[in-house]
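Hi everyone, thanks for coming. I'd like to walk you through a single protein chain today, so let me put it up on the screen.

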Amino acid sequence: LGHTLVKDRSTSTCSSGSRKDAGGAEIVKVVAGMHSSAAISNDGRLWLWGRLLDEPRGLSIMKRFGGEKYAADVDWTWAGFGGAEPRLVEGVSGVKDVALGGWHAMVLVD
C-alpha cells in the first residue's frame with residue numbers, strides 16, 4: 001500500500017502500486033480528502049495517511065472548548081490522526097466506507 005495506489009472502479013484494478021495491503025488483503029476502496037487519504041481492505045481494515053489532525057491544532061481546539069485537561073490522554077501518534085505513510089488504524093474493524101473532511105474522518109462499520 002503506497003501513495004501511488006489508484007483504484008479504477010470500472011475494472012476493479014489498480015493502475016500502479018500493489019492491490020494488497022501489508023496483511024495481504026485486497027484494497028477495495030481509496031478515498032482522498034483535503035489533507036488526507038484512506039484505503040479500505042476487503043477484510044474491513046482501514047489505512048490512513050496525510051494529516052487529519054495534528055497536535056498543535058488539536059490542542060488549540062481543546063483549549064478553545066475547555067478540553068485541555070484531556071490533552072495528556074491523547075496519543076498523537078495514533079494512526080487515526082494520519083501520518084506521512086499509510087498506517088493501519090488499530091481498533092477499527094468491519095469498515096464499509098470512509099469519508100474524509102478537512103480535519104475529520106467518518107467511518108461506516110458493520
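Let me begin with a question: over which residues does pLDDT stay under 50? The stretch is residues 11-16, and for those residues the model has 15 contacts beyond four places in sequence. I ask this up front since what you see is a predicted model. Strand β2, at residues 13-14, has the lowest mean pLDDT among the elements, at 42. At the other end of that ranking sits strand β7, residues 95-100, with the highest mean, 96. For the protein chain overall, pLDDT averages 83, and 79% of the residues score at least 70.

Now to the sheet. Here 4 strands form an open sheet, and the order is β3-β4-β5-β6 with antiparallel pairing. At its edges you find β3 (27-32) and β6 (82-88), each of which pairs on one side only. On average, and ignoring direction, neighbouring strands in this sheet are turned by 10 degrees against each other.

Have a look at the pair β4 and β5. Strand β4 covers residues 36-41 and strand β5 covers residues 46-51; they run antiparallel and 5 bridges join them. If you want a spot to click on, S36 stands opposite G50 in β5.

Let's come back to β7. This strand is joined by 5 bridges to strand β8, residues 105-109, and the two run antiparallel. The connection from β7 to β8 is a hairpin through 4 residues. Within this pairing, D97 has L108 in β8 as its bridge partner.

On to the helix. Helix α1 spans residues 55-64, and D54 caps its N-terminal end. The detail to check on your screens is a side-chain oxygen of D54, 3.1 Å from the backbone nitrogen of R57. Just after α1 comes G66, which takes a positive phi of about 75 degrees.

Finally, the core. Which residues make up the largest nonpolar core? There are 11 in all: V31, A38, I40, L46, L48, L52, A79, V89, V95, V98 and L100. Strands β4, β5 and β7 each supply at least two residues of this core, and β7 gives the most, with 3 residues.

One residue I'd pick out of that list is L46. Leaving aside residues up to four places away in sequence, L46 touches A38, A39, I40, R87, L88, V89, V95, V98 and V107.

That's my tour, and I'm happy to rotate the view for anyone who'd like another look.

Conventions
Residues numbered from 1 in each chain as written. Predicted model: local features only at pLDDT ≥ 70, side-chain atom pairs only at ≥ 80, totals over all residues. Heavy atoms only, no water. pLDDT = per-residue confidence, 0-100. Contact = heavy atoms within 4.5 Å. Polar contact = N/O pair within 3.5 Å; in protein donor to acceptor, adjacent residues only side chain to side chain. Pairing = 2+ DSSP bridges. Axes fitted to C-alpha atoms, helices over the stretch in contact; angles between N-to-C directions. Core = buried A, V, L, I, M, F, W, Y, C linked by side-chain atoms within 4.5 Å. Buried < 20%, exposed > 50% of the residue type's maximum accessible area, 1.4 Å probe, protein only.
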